[in-house]
Amino acid sequence: YGNNTYNFDSGADYYTTLKNVLAMESQATASGGAAVNPYEAMGKFFRAYFFSKMSLERGDITMTDALKGLSNLTPKYDAQKPVMLQSLAWLESANADLDQLIQTPSAGGSGLGATLGGDIFFGNSLAQWQKVVNAFHIRLLLHLSKKVATDPDMNVPAQFAAILANPAKYPLLQ
C-alpha cells in the first residue's frame, strides 16, 4: 500500500532540521569552503525537500520569513505555489552547483567545506548526490503535474522534458 500512514496530525514540522541545515552551511563556509561548496549544494536540496514536503502536508507554510528566530516572531505564510517554485529553483541550483564541483573538484576551496565528508549514504560521492537531487526534482514535477501541468509559471512538462532529454546535465539513478 505504499505509504499509507495513519498519522492524524497536521503534518510534520521540519523547521528544527532546517535550522541544522543553515548551521551546516555556515560551518562549511567558516571552515574555508568557497561560496559554492558541497554543503551549500546539499543545503539547497534539503531546503527543497523539507519545505516542499511540509507544504504538501500542510498547504500554506512559512518559508520566506522562516528560520529568522527572534528577529521575526510573526513570519508571514507563503502560498503553496511560491513554495513549489522556490523548491524547483533550489533543485535546479543544487544540480548546477554539484555539477560544477564534480567537474572542477578544487572549486570548493581548501578547507573543511571543500569536500563532502561523513556521508553514510553514498560515501561522500557528489555524483551520487547529484543523481538523488535530479530524481527528487522529477518526483516533485510528477507530483505537481496532476495539479499545475498547464500553469505557465511552473512549466512542468518543459522542465520534465529538459531533465530527461539531457542525461549529461541531469544524471539520474540507474
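Biologist: Leaving out residues up to four places away in sequence, which residues does Tyr 15 touch?

Modeller: This is a predicted model, so what follows describes computed positions. Tyr 15 lies in helix α1, residues 15-30, and its 17% relative accessibility makes it count as buried. Its C-alpha is 8.7 Å from that of Phe 51, a residue 36 positions away in sequence. Not counting residues up to four places away, Tyr 15 touches Phe 51, Met 54, Ile 61, Thr 62, Ala 66 and Leu 67.

Biologist: Where does Leu 67 lie, and is it buried or partly exposed?

Modeller: Leu 67 has a positive phi of about 65 degrees, although it is not a glycine. The residue lies in the loop between α2 and α3. With a relative accessibility of 27%, Leu 67 counts as partly exposed.

Biologist: Let me step back to the whole chain. What pattern do its helices and strands follow along the sequence?

Modeller: The chain has five helices and zero strands. Of its 174 residues, 39% count as buried. Read along the sequence, the pattern is α-α-α-α-α.

Biologist: Among contacts with a separation of 6 or more, how many, in percent, come from residues 24 or more positions apart?

Modeller: Leu 91 and Gln 130 illustrate distance in sequence: they are 39 residues apart along the chain, with their C-alpha atoms 9.7 Å apart in space. For the chain, residues 24 or more positions apart account for this share of the contacts with a separation of 6 or more: 68%.

Biologist: How many of the 21 residues of α2 are buried?

Modeller: Helix α2 covers residues 38-58 and reaches 30 Å from its first C-alpha to its last, close to the 30 Å expected. At its start, a side-chain oxygen of Asn 37 comes to within 2.9 Å of the backbone nitrogen of Tyr 39, and the helix is followed by Gly 59, whose phi is positive, near 95 degrees. The helix is largely enclosed by the rest of the structure, because its count of buried residues is 15 of 21.

Biologist: Which residues does Ser 55 contact, leaving aside its neighbours within four places in sequence?

Modeller: Ser 55 is found in helix α2. The residue has 0% relative accessibility, so it counts as buried. Leaving aside those neighbours, the contacts of Ser 55 are Ile 61, Gln 80, Val 83 and Met 84.

Biologist: Which helices do the buried residues of α3 pack against?

Modeller: Helix α3 (residues 80-103) has 24 residues that should span 34 Å, and its end C-alpha atoms are 35 Å apart, which agrees. Its buried residues include Val 83, Met 84, Trp 90, Leu 91 and Leu 98. These buried residues of α3 pack against α2, α4 (126-148) and α5 (156-165).

Biologist: What does Leu 91 contact beyond its neighbours within four places in sequence?

Modeller: Leu 91 is found in helix α3. At 0% relative accessibility, the residue counts as buried. Setting aside neighbours within four places, Leu 91 is in contact with Phe 45, Ala 48, Val 133, Phe 136, His 137 and Leu 140.

Biologist: Phe 45 and Phe 136 both turn up there. Why is their pair called edge-to-face?

Modeller: The count of aromatic pairs in the model comes to 13. For Phe 45 and Phe 136, the ring centres are 6.0 Å apart and the planes stand at 85 degrees. Planes over 60 degrees apart count as edge-to-face. The pair is therefore edge-to-face, its angle being 85 degrees.

Biologist: In which helices do those two rings sit, and are they buried or exposed?

Modeller: The pair links distant parts of the chain, 91 residues apart. Phe 45 is in helix α2 and Phe 136 in helix α4. As for exposure, both Phe 45 and Phe 136 are buried.

Biologist: Which residues form the aromatic cluster with them?

Modeller: Phe 45 and Phe 136 both belong to one aromatic cluster. Its members are Tyr 14, Phe 45, Phe 46, Tyr 49, Phe 50, Phe 121, Phe 122, Trp 129 and Phe 136.

Biologist: Which ring does Arg 47 lie over?

Modeller: The ring concerned belongs to a buried residue of α3. Arg 47 lies over its face, at 5.5 Å from the ring centre, and the residue is Trp 90.

Biologist: One last loop: is Asn 155 buried or partly exposed?

Modeller: Asn 155 lies in the loop between α4 and α5. Its phi is near 50 degrees, a positive value in a residue other than glycine. With a relative accessible area of 39%, Asn 155 is partly exposed.

How values were computed: Residues numbered from 1 in each chain as written. Predicted model: local features only at pLDDT ≥ 70, side-chain atom pairs only at ≥ 80, totals over all residues. Heavy atoms only, no water. Helix = DSSP H or I, 4+ residues; strand = E, 2+ residues; numbered from the N terminus. Buried < 20%, exposed > 50% of the residue type's maximum accessible area, 1.4 Å probe, protein only. Contact = heavy atoms within 4.5 Å. Expected span 1.5 Å × (residues − 1). Polar contact = N/O pair within 3.5 Å; in protein donor to acceptor, adjacent residues only side chain to side chain. Phe/Tyr/Trp six-rings, centres within 6.5 Å; stacked < 30°, edge-to-face > 60°. Lys NZ or Arg CZ within 6 Å of the ring centre and 35° of its normal.
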